[in-house]
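Biologist: I would like a close look at a single part of this model, explained slowly enough for a first-year student to follow. Please take one residue as the starting point and work outwards from there.

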Amino acid sequence: NNLILGKHIIIHSGSVIGSDGFGFVKEKQNIIKIPQVGNVIIKDNVEIGSNCSIDRGTIGSTIIGAMTKIDNLVHIAHNCVIGENCIIAGMVGLAGSTTLEDFVVMGAKSGAVGHITIGKGSQIAAKAGVSKTLPPGKIWAGFPIREIDTWRKEVSMLRRASKDKKNDKK
């Protein structure tokens, strides 16, 4: 079975659940498609916005944990595991085999490379790029990703160092 659904799930228009993951291997001059034979498991009380794409696992499962809320235009690649009570804002992209532990919040247009874990309770600011495994319970921003206080200081120093402040007007 390619799709296992819990109870009280809402999936809005245009979302595709269980499509092939982006699995290819280059062999000499050819690109070979890797069969995607896994499934998607969506647990209880999940809401998925419109025009989302959730790929099935390559062999195993892509899992969306209970009570998770996913905004419009989100891509969750093959073999991702999303914990319980996560909030994923619009235009987030998660590469294959990314794990979000419980209570993770990802801001709009943020994304993560594959094969990493974002720790329990982490918050990822809008447009941030997660390129490494993150410990639990911290707030992150920027690219490369860093704790938000560090990111704010760096942005402030760059603005002060800039001779062109015309774009700083409100």
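Modeller: What follows is a walk that starts at Asp 55 and moves on to some of the residues around it. Please keep in mind throughout that this is a predicted model.

Asp 55 belongs to strand β8, which covers residues 53-55. Is Asp 55 buried or exposed, and which side chain of opposite charge is nearest? Asp 55 is buried and yet has no salt bridge, since the nearest side chain of opposite charge, that of Arg 56, is 8.1 Å away, and a salt bridge would need the charged atoms to be within 4 Å of each other. The side chain of Asp 55 does, however, make a polar contact with the side chain of His 75, at 3.2 Å. Leaving aside residues up to four places away in sequence, Asp 55 touches a list of residues that includes Ser 19, Asp 20, Gly 21, Phe 22, Val 40 and Thr 62, and also His 75, Ile 76, Ala 77 and His 78.

One of these neighbours, Phe 22, leads to the aromatic rings, of which the structure holds one pair. In that pair, Phe 22 and Phe 24 are arranged edge-to-face, with 5.0 Å from centre to centre and 70° between the planes. The angle counts as edge-to-face because it is over 60 degrees. Phe 22 is exposed, with a relative accessible area of 69%, whereas Phe 24, at 38%, counts as partly exposed.

His 75, Ile 76 and Ala 77, which Asp 55 touches, are also among the residues in contact with Leu 94. Leu 94 is found in strand β14, residues 93-94, and counts as buried at 2% relative accessibility. Its other contacts, again not counting residues up to four places away in sequence, are Cys 80, Ile 82, Leu 100, Met 106 and Ala 112. The C-alpha atom of Leu 94 is separated by 15 Å from that of Thr 68, a residue 26 places away along the chain.

Cys 80, in contact with Leu 94, brings us to the cysteines, where the count of disulfides comes to zero. Cys 52 is in no disulfide, and the nearest cysteine sulfur, that of Cys 80, is 13 Å away. For Cys 86 the closest cysteine sulfur is also in Cys 80, at 12 Å, and therefore too far for a bond. Cys 52 is buried, with a relative accessible area of 2%, and Cys 86 counts as buried at 0%.

Notes. Residues are numbered from 1 along each chain as its sequence is written. This is a predicted model: local features need pLDDT of at least 70, side-chain atom pairs count only at pLDDT 80 or more; totals for chains, interfaces and linings use all residues. Side-chain values use heavy atoms; hydrogens and water are left out. Rings of Phe, Tyr and Trp (its six-membered ring) pair if their centres lie within 6.5 Å; planes under 30 degrees apart count as stacked, over 60 as edge-to-face and the rest as tilted. Buried means under 20% relative accessible area, exposed over 50%, partly exposed in between (1.4 Å probe, protein chains only). Helices (H or I, at least four residues) and strands (E, at least two) are DSSP runs, numbered from the N terminus. Contact means heavy atoms within 4.5 Å. A disulfide is a pair of cysteine sulfur atoms within 2.5 Å. Lys and Arg count as positive and Asp and Glu as negative; His and the chain ends are not counted. A polar contact is a pair of N or O atoms within 3.5 Å; within protein, one must be able to donate a hydrogen and the other to accept it, and residues adjacent in sequence count only if both atoms are side-chain atoms.
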